Amino acid sequence: QALVDQLAWAATDREVARYARGATSPNSIFARDWGDGHAAHGATLDRPAVYAVEATAHDRGVDAGVALSLRVAAVITNTSHKPIERLVFRVFPSGQEFGGGAGVRGVWVDGEATPWLLDATLLEVPLGRRVRPGQMTRVLIEMAVDPPHIDPRAASPVHYNAETTGIFGQADGVVNLGHLVPVLTRFSEDGTPDRRPLPQTGEPAMGEPGMFHVQLDAPVGLTALTTGSEIARKSDGVRTGIIAVASGVRTFTVELARNYDVTSAQVGTVRLRVAYPADEDTLGAHLLDYGQRALDFYSSRFGQLPRRELDIVEAPVVLGGGTEFPGLITVDVRHKVRYRKSASHEWYVAHEIAHQWWYGEVGTDPVVEPWLDEALASHSALLYWEDRYGRDAALAVLDREVVDPTRAMRDDGIADMRADLPAESYDSRHYGVVVYGKALLFLDRVAGEMGRENYLRALRAFYTDLHCQTA
């Protein structure tokens, strides 16, 4: 039987427990996501959830788009100090926040069908028994996924969230499957699961680092890239099967695209891949160049990413210029206007790649403290910009990203705000001007007071001490 069935019901509890314990071993299949010299990082994870996924893409034609069926087996260990009687999963594609693009077909716990409740993006699953600290349970979730059609040329919405940015949706032959796989929400030390609603503005809430084994089956006409590292690929000329593994990541994302090519380069221990429209070779070359330069700069200043693979996908985004996921970023450089080389595209790539350190590895909470994610990513991009183009060019970026938007907001009679508030405190304009901009200026002042080298040493220590840790 497939791994999903083995973990969900077919294998014995003892066999599944042994598999879950071995998931963090440097000899496990999941270790193939760690870059050379980083296999021991799995040992830093405390009994992470293990997810086995079967995702099948159904191509309904250019106009109708792509739909998917999804089977997810999750092996969960109670890491709290109290017995638990229910689990809560974040099913990002469901509910209004993601356009209602997913429906749950059924849930099974330890091989038995169980009632479940789906409220917006929260799937509550009763366990039918008390699972004591250190004990394991296994859950099977089956879903139908129908990504909504999005318009990357639409006017900017009032709120900046998963639905409005289009991170789960499809347009121009590209299917964004951001946060595709249901993930367990965190539970506190007393066993209480996280039931926070997603904020109207900002990034989605995220879970604890988990281990993902994903088998994706798609028509040969669709190029597929995913979170984690691709370890196998097979095609019969009609369908392509891909197996990817991801270790210690907080979510799993898939991108599918028609008529795309992939180019790649090795940057230190990381394989960098770029997926781009097949008739836009120059675009692909530009994105690969930006990615190589940014990845090399951050690796030398902050420390090597422990990952084996990082993907850049040119994909439609409704609001902004790109999005970040563990091991994969998207940038939109041709869906709003015809492609022309622009410095803003290099900025998008630099910003989103910086998120691999500040969000992907260091688990800050984007709902409670969004500035730590966004301002750190933007300031990292500013450091890269200054290193490549000089301080005057960096100051010009500060004018563009901070001074001009702040002045425009003031001229429109919109009040200023603090930059360290929870995401729900902002609308999209404040989020962009204050969280991305004003906090960026603060970090640049801090770097100036500390001295550039001291500041870089502090960021390196921050990353070294906290990467792969819980949020």
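## A serine in a loop

Let's start with Ser28, which sits in the loop between helix 2 (13–22) and strand 1 (50–59). Keep in mind that this is a predicted model. Is Ser28 buried or exposed? With a relative accessible area of 13%, Ser28 counts as buried, because the cut-off for that word is under 20%.

What does Ser28 touch, once its neighbours within four places in sequence are left aside? The answer is Gly22 and Ala23. The side chain of Ser28 also reaches the backbone nitrogen of Phe30, at 3.2 Å.

## Strand 21 and its two partners

Next up is strand 21, made of residues 328–331. Strand 21 is covered on both faces. On one side you'll find Leu328 and Thr330, on the other Ile329 and Val331, and all of them are buried. As a bit of background, side chains in a regular strand alternate between the two faces of the sheet.

Strand 19 (residues 309–314) runs parallel to strand 21, and 4 bridges join the two. Here Asp311 stands opposite Leu328. Strand 20 (residues 322–325) is joined to strand 21 by 4 bridges as well, but this pair runs antiparallel. In that pairing, Glu324 stands opposite Ile329.

Strand 20 and strand 21 also make a hairpin, with 2 residues between them. Have a look at Gly327 in the turn: its phi is positive, at about 75°.

## The sheet with strands 9, 10, 16 and 13

Now for an open sheet of 4 strands, with the order 9-10-16-13 and antiparallel pairing. Which strands are at its edges? They are strand 9 (168–171) and strand 13 (222–226), each of which pairs on one side only. On average, neighbouring strands of this sheet are turned by 10° against each other, if you ignore direction.

Zooming in on one edge, strand 9 pairs with strand 10 (residues 174–177) in the antiparallel sense, over 4 bridges. Gln170 is placed opposite Val175 in strand 10.

## The sheet with strands 6, 7, 3 and 11

There's another open sheet of 4 strands, this time in the order 6-7-3-11, with antiparallel pairing. Strand 6 (117–119) and strand 11 (183–184) stand at its edges, and each has a single partner strand, so one side of each is left without a neighbour in the sheet.

For strand 11, you can follow the pairing to strand 3 (residues 84–90): the two are antiparallel and share 2 bridges. Within this pair, Arg90 stands opposite Val183 in strand 11.

Terms used. Residues numbered from 1 in each chain as written. Predicted model: local features only at pLDDT ≥ 70, side-chain atom pairs only at ≥ 80, totals over all residues. Heavy atoms only, no water. Pairing = 2+ DSSP bridges. Axes fitted to C-alpha atoms, helices over the stretch in contact; angles between N-to-C directions. Buried < 20%, exposed > 50% of the residue type's maximum accessible area, 1.4 Å probe, protein only. Polar contact = N/O pair within 3.5 Å; in protein donor to acceptor, adjacent residues only side chain to side chain. Contact = heavy atoms within 4.5 Å.
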